[in-house]
Structure formats: structure tokens, C-alpha cells
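Trainee: Please pick one part of this model and take me through it closely. I want the enclosed space, then a neighbouring topic if there is room.

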Amino acid sequence: MTDARRAVRLLAPLALYGALAASACSNNETVNPLLDDDQGSAAPLHMFSTELSSDLREQALAALERDAFRREARFLDAAKPGYFFQSTLAPQAQIEAGMWSPDELFQLGGQLFNATFTPEIGFGAHDLPPIARFHTGRRGGPDATRCASCHWRGGPAGAGDAADNAYLDGDGDRQSSALGRNPIPLHGAGLLEIAASEITEDLAAIKAALRDQATSNGKAVRGELLSKGISFGHLTARPDGSFDNTEIEGIGDDLVVRPFGWKGNVRTVRDAVEDALLIHHGMQSEHLVSSASPERIGPFGGDDPDGDGVSSEILEGQVTVLTLFVAMQEVPAMVLPSDTNFALMWADGNNRFAEIGCAKCHVPSIPLRSTTFLLQGRDAGGLVAVDLANDAAEPHITPSAESGELRLFLFSDLKRHDIGPALAEPRADRGVAGAQFLTRPLWGVARSRPYLHDARAARLEDAILLHGGEAQAARDAYAALKEPERATIRVYLTSLTRAKRMVTQ
Amino acid sequence: MPRRLSRITLLLLLAAALAPGDSSPLVPWPHGEAPSAIELDALVADASSIQDREQLEEVLAAAEAGEESEHLVIFQEDIDDGLYSHDQLFQLGDGVFAHEFTLDDGYGDGTFTSLNRIHTGVRGGLDTFSCAGCHSVGGPDGAGSQTQNAFLLGDGDTASSAVVRNAPAMLGAGLVQALAAEMTQILAHKRSLALQEAKASGVPVTLALETKGVSFGTIVVPPEGALDVSKVEGVNGDLIVRPFGWKGVVSRLRRFVEDAARVHFGIQSQVLAENYEQNPDIPHLGPGPNWYDPDNDGEVRELEEGILTTTAVYLALLETPVILPPHDPGLRDRWANGSALFDSVGCAGCHKRSLELLQSTWHETSDTTGGAVTLELLYEGDQPRGNNQVALFSDLKRHAMGKGLADAHDNEQGLPRDVFLTRPLWGLAETPPYLHDGRAATIPAAILAHGGEAQASRDAFAALSAGEQADLHIFLLSLTREPKPRIAR
């Protein structure tokens, strides 16, 4: 976008103030000039930014600026009900045509992330309670009116408290009927998706190669499913083109890595965003309305399957900007203690983390080939791409200064593991067995307490000691350490944090 | 910042060229202009010092097992002896508010496997691990979201069995506590004067219960025998104004803290335990094996009285909400119109704009030692503090709100299901969702849900034009808190 066009767009709020001021003189009705604009009603409101100065004073001023815009936008939303929600309505075609800069898309998504969903714009469903703490099956609650109300701890788009747990797939009334899920922090989500899709590609290539070998040689071929240094077990291809899947580990037989959700059952940020809008807010995307089953979207059919009298609740462009906002979240930082004694403990902890076996599943880092986040629109939609190394929220991923290599300091192998009976749930969740959970990435872990899928652990040590199953040996090794040695691991884990960020409310 | 500055410069030039006469600055600063360099330095220094303290505590807690819980050992006797400055008490209270209670602290009844969001009767549940966990909306010490609602007095599992309560914001709590205490004092004084008069004249005296411009009905004081409290309104017959809790059932912050720790974390104060020795309150505290461990989790002295004091001091010294009108002149006109409508529609009848605080000195008195921490509520603590016309937008009185808002179940105190305290509206814009159970996502939805004694005002609001409703909404959105940068935790 040229500077001039960017300036015109940034001027839109000024024009709006002018219009409001003028209308206030004549009567109390206001017309949102953006609504009559053939550009659509979308407008970045300067409440979010991908920039983060390293200077705290500049950060503070920028945070106060964003807060000032937030307050004024709130008044404008009162003056023109719906203004705020409409400010997120970027048409998908415009996004695909590159009319919005990455920072503007991030802003639009942020506005949606912080918007209050109301019945007037489609919140809830005709056949569900106005708000419900425990979900009714796959339909959801609704249990919250904003994304941000459960993703707040540790900074923007952060984690949820234990009190914010979602209770999935229940009977709508009893906690014991539902599966408790602590809201996860969203930092680095786009890179997580890229890493997962690269592994999925690698595994598909291995599978294809094994099949080719088996069919051309006429005998079974067994090979390791190895990607990014992580083994997903072995696969045997038979000469008839079929496979023996029994040695696959930590992933479904389809060999697709699903890095989202505590159980590792969601493949993309987009899928996660669309499902969250549906189950937490009853806000239904066009795509789900046209494609999902009544068990998910409601029995009323047509273009308003939840029967609340609102159709087209979430447009494709809104799914896109919200997905991009999540995908463009900052990368967590590792910040070593400044005090020498603590720094030495940290160094010990770094070694011990590997020694006792934590790093087997919580793999500290994995290589990454690409930083381009690709979002394929649904239903004949086109492709939107964002380069997370340049355009994501700061701090973003940077190649190694020495080698130029890209690494993701994720602290996860992106595999599912049996974590033992103490943490197991009595039933499967969307096809993943009760004891199986994805290795939770530990990046930023110091900013995302409490811990474990249902937030039952207030502190990191509580969480470590609750590990079982495949993690039993590592857990026992931790428990067997002397207290000063345990402390080094705890100090090490507190260094997995987020960059200092000034925020306001 | 050079990039941002150049963009702003460009925009100002363009704005001047394209819209001559429009002098709106680009950033709609709520105080009219950007913070000065000195103000900004002070804000950054404050934020940094909090961050440095929290960061040090975090690594200390990791490096030394049990270090966190040492913060919970504060003895009332040491406070009485002046061992802590008010600043230190405030910081310690801040630490308690963020502290995540653990089994070692006495969390729950010793057999923790999962959170228990639906409380079991008056014993409570296990909602989360820290105060801060449910006071996150609008900033630190803020309100709770819908998911953070507490489900009181339930059967331990079923949402529909419980009374739903949204966590209130804690800002300005010290001034609310002091106002209510003054009202209580004034009503008691009037009542004792009436009793003297009745004794002197030998005939019953009918006393108008008026304080700070709020009428609590009348009471009939006979020369001897029981008072006739049948015409008392909005307060119990004991004439104690209790400003905390959605139904107005708690008068002191230390009791509020004590009860919250008990029902949300299963953390029992030493004051409660010592009372238990005389009068075992098994329903609220458990069957014990003995008075010093009523919940039988093997942990004793779970919450020292000193913690009640530090936390009450902390809450009393929190900042006070402010009114910040829109920046844009047109919106400001609408704000002014909304303010007038707030009165003419009748909102201000119960949501009284301000109550006058006569005495800003507060004595946070101990339950057991007779000691007290003396605070100057308008002169010490977090800024801003406001003045003695406390703009809380409440009469601190209970009102019947109609069937639509009534609780599904009885509360513990036996108050009618539809009776609630007039919620102070200060800070309103930063405390969604609204109403006792958080059912209203927006301010207009909350207004329209009013009934009972507020039915007429509600109907008057509903009868306004859409533009006038918006004006009132704009006014209410100016009830907010001071913008303060902090480092995200």
C-alpha cells in the first residue's frame, strides 16, 4: 500500500469525528461514513500494533496512545451501536487483493478479538441458555462474550486463569459431565502451525517414498517417520500399496500433526478460531454454516442454523483477520536472570532439564524451513500470506546470527503421549484417547500459570510432579533430585517468558 | 519512534490540507493532551518498580522452596508494633492478592484433584488459586468476566443449583468502606438520641433514618422495649450499612477477604479458627479434628490475622476510579447531554453521584489485639484518590430489583431474592459484564434488565430516542479508571 493510500485510511477516524461533531449539532443521530464507503466498513482503530519498542518509555507512550484510541472507539460504538464490530468487516476479496497491510490486518483481528459479542450481532443460540458455564455437547456454551476475557494472563492474547477454564462437551449443567480445558496462551501460534505443517509434509514424503519402494521392489519396506529430529515411530509399506500403521507413535494414522488444543486435535489456527467463535460465543462463520453438522451448529438449518435470528454472523474476512491476529502473535522470549547466582542456577537447570529426560518430549527447539503463514480461504476463497519473520507482532522470529538458520524454541515435540492415569480423562475427546495429550509447548510458560489441561497445578513444580505414563521416569527423576537441584530446573523454567511489554487496561 | 512521528506529521499536514478547520489531534488523549515528559517518566518508574519486584519474587520463589508462602506469615502483633510502613503493608497486600494458594498453605480440604466451580453449600468450592485470577477485567484489581463468575451455595456440581455472582472490581473499596461506616455511625447516633428523647417524653419517637442525603425509611423508638423496624428500608434492622457483596452483606474489607479466601480457596483465617474454638461453626468451616484445623487438611494457621490486615489495607489504598469524558468535541456535547439524562431519567435516585466523606481517617482495627493501622484515605495510597465528595454513584442502600433479576435460589442471609445493593457505578466502563451474575454484556442491556424499584427509570430510558439512549451510554462510558501503563504479567 502506498503512503498516500495508507494515510487516507488512517484519516478515516478523523473524518468520522468530524461527521459526529457535525451531526451532534443538528440532531443526535449519527451516520457512520465508513458504512457507506464502498471500501466496506473495516477500519483499523489504532488500538493494536505489531510494533514493540525496546525502550520502555516509548512503549509506555505507545500503550497510552492505543488506550486513548480504545476509549474513543468505545464512545463511538455507543454513539453508533455496532460501530466497533463493523470496524472488523474487511471483505475477504480486499484482503486477498492485498489492500490491507499486515499491521492493519493485525489491528482488525485485534479489534475482533476484543469485541463484545451481543445477541444483536449473533451471540448465542435460540436453543441454548443465554450463558452457560458448562457446555452442551459440541454446541458449546456460550460461556463468554469476548475472546480477550479468557486470554489475558501474561499479556495480550495470553493464557486464562483456572477460573476461565472452558468445560467442553458436557450436559450443559454439571461440571462432572464436561472436560475442563484451561485457555492456552496464543503466542507464536502461526509459527506453531507452520512447524506442524512442515512435519506433516515430511511424513507424507516419507510415506510416499516407502510406498514407491515397496511397490517397485515387490517387498515390504519399513522406515522411520523422522522429521525435524523427532521420531514418530515407524511405518511399513507393503507391496500391495497398503501400510502397517501399528508402529506409528504420537500421531494419528493419517500422519497429520495437529498442534492446537490440549489433546492435539486441531490442525490450524483457522480451525481453532472458527471453533472457538462457535462454541464460546455462538458466533457462526459462513463456512461452518454451509458445511458443519447440526450437532455442531444447531438444528434450525438454512442460513441461521442456531436459530437466533441473525445470519452471516461471522464473514469469511472476519475469520481471516482473527486468524491472522492469532497467527501473528509475538514469539516468547528466553530471559536469563540478571543476578549471577541465579544465572548459574539457570545454567545448571538448562543441563538438568535434558539430563532427567524433560527434553525428550519438551524438545527445546526445532528447525523451521519457512516463516510464511499461509491461509487458504474456504469455499472458493483465495490465499493470504504473511511473512511472520517480518510482519508478525514483535518480538518476531529471527534467523540465527551465525548460521542464518531458523529455529523455533518451542519446547515440544508436537507429539501426543500417554500421560498416565492421574491426568487421564474418563473418555476420548474428538477421537483422542483419555490419557493422550499433546506435549504442551513450554515457551512462555512462566507467563501462563496455572498449568496442565484443566489448570489443576498452581505452580510448575506441581505440574511436573503430576506427570505420569510416558513421562513417569522423568517425573520420578525430578522427584529424586535434592531440593537445590530441583530449584535449578525451576529457575530455568522461569526464564521461559515473554518480552517486557507495557500495556494499559 | 521516528517512524511514528513522521507518520503523525504527515497525517497532520494532510488533515490540515483536506479538512481545514478540523483541529482534532490524531491521538484522542482522554486528558486533552499527551502525558508530559515528567508524567511519563513517573508512570514508567512506577511500572518498572512493580515489574522489578515481581520479577525478583518470581525467581526467588523458583530458587527457594516455600519462599512464596513466607509472605503469608505476617503477625498482627508485628503490625501493631509498627514493624511495617503503610507502603510495605500495601506491597505485602498486593503480594497476597496475586499469591497462588497451594496445599502447603492449606488450600482446600487436603484432597485436591480438580477445581470445584460449583460450591457445596456454605462451605464454598475451589474456584481458582489467587484473588487476581478472578479480578482481571479492566486491569489489576479489576472485575471478573463471565467465566470467572462464582457459583455459590450449590450442590457441588450442578450450575443450576447455585447462586451466580460476578466478581466486582476492587477500586475505591476503602472509601466505600469508610462511607458506609460513617452512615452506620450517624444512624446509630440518631437512634440513641431518639431513645433519650423517648425516655424523657415517655412516648415513642418516630425517627427519619436519613444520612448523607439517603433515606433508609423510619424507625419507631419506644421508651423501652423492642424497636419497631418494620418501616426501615434498604438496610437491616440493626441499621448497619454493609456495602460489600452484591446484596450488601459485608461491612468490612477484612471480613470480605476472609470470606473470599474461605469459599474460593478453602483457606481459613486464624480469626475464624479461634472463634471456632468457642463456637464450632461446622457448616462454614468443617468438622475439624479440632478447632485449629476445622477443614481437617493438616494445615493450621492458614491465614494469619496480619494477612487480613495487610490485604484490607491494600484494598483500602487502591486507586479511585475517575470520570474521563470523550476527546472529540461532538462526542463531548453528547456526553454532557447524557449526564443530564442520567438525572432526568431517574438513574441518579439510587445511583447517587456522590456521597460526602466527613472523616477521611480510617482505623483498620484488629479483631483480636486491639491494635489499628491508621490510614489517611484521601492522602496516601495509589493515585488517583479523588476527594471527599466520593463519586461512587451509589446510595449504598438495598433495593428490590424485580422478578427478572431475582436470584434463582435463596441467599444465606435470608434477604429476598430480588434485593440487591445499588451497585456503585464508578469505573463502570472497565468492568463488563454487568449485573450480579454478569448476564449483561453491555451497559444498555444492564439498564434494560432493571425492574422493581428501578422499573420507572428503566422505562424512562427505554422511552428515550435511540440518540438519547446513546448519549446516556456515552456518559456512563466516561466512568472509568485512570490510564496507567504497566508491564504485562
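**The largest cavity, then a strand**

Mentor: There are 11 cavities of 30 Å³ or more in this predicted model. A cavity is a set of points on a 1 Å grid where a 1.4 Å probe fits but cannot get out. The largest holds about 850 Å³, the space filled by probe spheres set on its points. Its lining (residues with an atom within 4 Å of a point) counts 43 residues. His151(A), Ile184(A), Ala272(A), Ala276(A) and His280(A) lie nearest the centre. Of the lining residues, 26 are nonpolar, nine polar and eight charged; Gly counts as polar, and Asp, Glu, Lys and Arg as charged.

Strand E1 (166-168) and helices H6 (189-217), H7 (269-281) and H10 (316-327) of chain A each supply at least two lining residues. H7(A) gives the most, with nine. Helices (at least four residues) and strands (at least two) are DSSP runs.

Now strand E4(A), residues 230-237. Six of its eight residues are buried (under 20% relative accessible area), so the rest of the structure largely encloses E4(A). E4(A) pairs antiparallel with E3(A), residues 221-227, over six bridges; pairing takes at least two. Glu224(A) faces His234(A) there. Two residues separate E3(A) and E4(A) in a hairpin, and Lys228(A) in the turn has a positive phi of about 55°. E5(A), residues 243-244, joins E4(A) antiparallel through two bridges, with Phe243(A) as partner of Ala237(A). This hairpin has five residues between its strands, and Gly241(A) in the turn has a positive phi of about 90°.

Residues are numbered from 1 along each chain, and chains are lettered from A in written order. Local features need pLDDT of at least 70, while linings use all residues.

Key
Predicted model: local features only at pLDDT ≥ 70, side-chain atom pairs only at ≥ 80, totals over all residues. Heavy atoms only, no water. 1 Å grid on protein atoms, 1.4 Å probe; cavity = no way out; pocket = protein on both sides within 12 Å on 5 of 7 lines; lining within 4 Å. Buried < 20%, exposed > 50% of the residue type's maximum accessible area, 1.4 Å probe, protein only.
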